[in-house]
Amino acid sequence: MSLLLALTSPVCTSAAECAGQGVDTFLGTPERIWASVAALVALGSTIIGWLALRDAARWKALAALTLGIVGGLNGAVKLAIADGGLGTGNGVFGAAMALALGLLGAFLGRSALNRARRPEMSR
């Protein structure tokens with residue numbers, strides 16, 4: 001229920017602005033939201049990449065590689081244009097997580113693609 005309320009509430013740029021609008025939920029600044037979405041995409045790529053290594057599924061490997069690149073690039077761009085450091089509302093931590101998880105997801109996806117392309121050795 002609180003998630004539904006948070007999704008339907010207007011986006012405020014500060015807690016004081018939310019209080020002025022009569023909204024009790026503060027979703028964060030647009031910069032934090034961008035970084036959080038990028039981190040979630042990168043986390044998804046890491047999970048899919050791990051599953052692709054287990055299953056040797058080519059489509060999972062391609063999905064992990066693509067999502068890892070998208071999440072990692074968004075994290076890198078967000079880090080490059082951030083004005084302040086941690087705790088300033090610029091999404092620095094989320095962007096750093098997106099970059100790290102995106103690189104990991106892309107690596108796992110590429111490794112799964114290499115494994116899927118290798119011919120099986122018979123005994």
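Here are some notes on three helices in this predicted model and how they pack.

1. Let's start with helix 3, residues 30-55. Helix 3 has 26 residues and runs 37 Å from its first C-alpha to its last, close to the 38 Å expected at 1.5 Å a residue. Just after helix 3 comes Ala-56, which has a positive phi, near 55°.

2. Which residues of helix 3 are buried? They are Ala-35, Ala-38, Ala-39, Ala-42, Ser-45, Thr-46, Gly-49, Ala-52 and Leu-53. If you want to know what they sit against, look at helix 4 and helix 5, since the buried residues of helix 3 pack against both. While you scan that list, keep in mind that an α-helix has 3.6 residues a turn, so residues three or four places apart point the same way.

3. Next, the pair made by helix 3 and helix 4 (residues 58-81): their axes come within 8 Å and cross at roughly 155°. An angle over 145 degrees counts as roughly antiparallel, so that is how helix 3 and helix 4 are described relative to each other. Helix 3 passes helix 4 in a left-handed crossing.

4. Who meets whom there? On the helix 3 side you'll find, among others, Trp-34, Ala-38, Val-41, Ile-48 and Leu-51. Helix 4 brings residues including Ala-64, Leu-67, Gly-71, Val-77 and Ile-81. The residues of this contact split into 14 nonpolar, six polar and four charged.

5. Helix 4 also pairs with helix 5, and here the axes come within 6 Å, again crossing at roughly 155°. Helix 4 and helix 5 are therefore roughly antiparallel too, and their crossing is left-handed. The contact residues divide into 15 nonpolar, seven polar and four charged.

6. Helix 5 covers residues 92-117. Its 26 residues should span 38 Å at 1.5 Å a residue, and the end C-alpha atoms are 37 Å apart, so the two agree. The buried residues of helix 5 include Val-92, Gly-94, Ala-98, Leu-101, Gly-105, Leu-108 and Leu-113. Helix 3 and helix 4 are among the things covering the buried residues of helix 5.

7. One last residue to check by eye is Phe-93, which is found in helix 5. Is Phe-93 buried or exposed? Exposed: its relative accessible area is 53%, and the cut-off for that word is over 50%. The C-alpha atoms of Phe-93 and Leu-79 are 8.8 Å apart, with the two residues separated by 14 residues along the chain.

Definitions and conventions: Residues are numbered from 1 along each chain as its sequence is written. This is a predicted model: local features need pLDDT of at least 70, side-chain atom pairs count only at pLDDT 80 or more; totals for chains, interfaces and linings use all residues. Side-chain values use heavy atoms; hydrogens and water are left out. Helices (H or I, at least four residues) and strands (E, at least two) are DSSP runs, numbered from the N terminus. Buried means under 20% relative accessible area, exposed over 50%, partly exposed in between (1.4 Å probe, protein chains only). Axes are lines fitted to C-alpha atoms, for helices over the stretch in contact, and angles run from 0 to 180 degrees between N-to-C directions. Angles under 35 degrees count as roughly parallel, over 145 as roughly antiparallel, 65 to 115 as roughly perpendicular and the rest as oblique. A crossing is left-handed if the near helix is turned anticlockwise from the far one by less than a right angle, and right-handed if clockwise. Contact means heavy atoms within 4.5 Å. Ala, Val, Leu, Ile, Met, Phe, Trp, Tyr, Cys and Pro count as nonpolar, Asp, Glu, Lys and Arg as charged, and the others, Gly among them, as polar. The expected span of a helix is 1.5 Å times one less than its number of residues.
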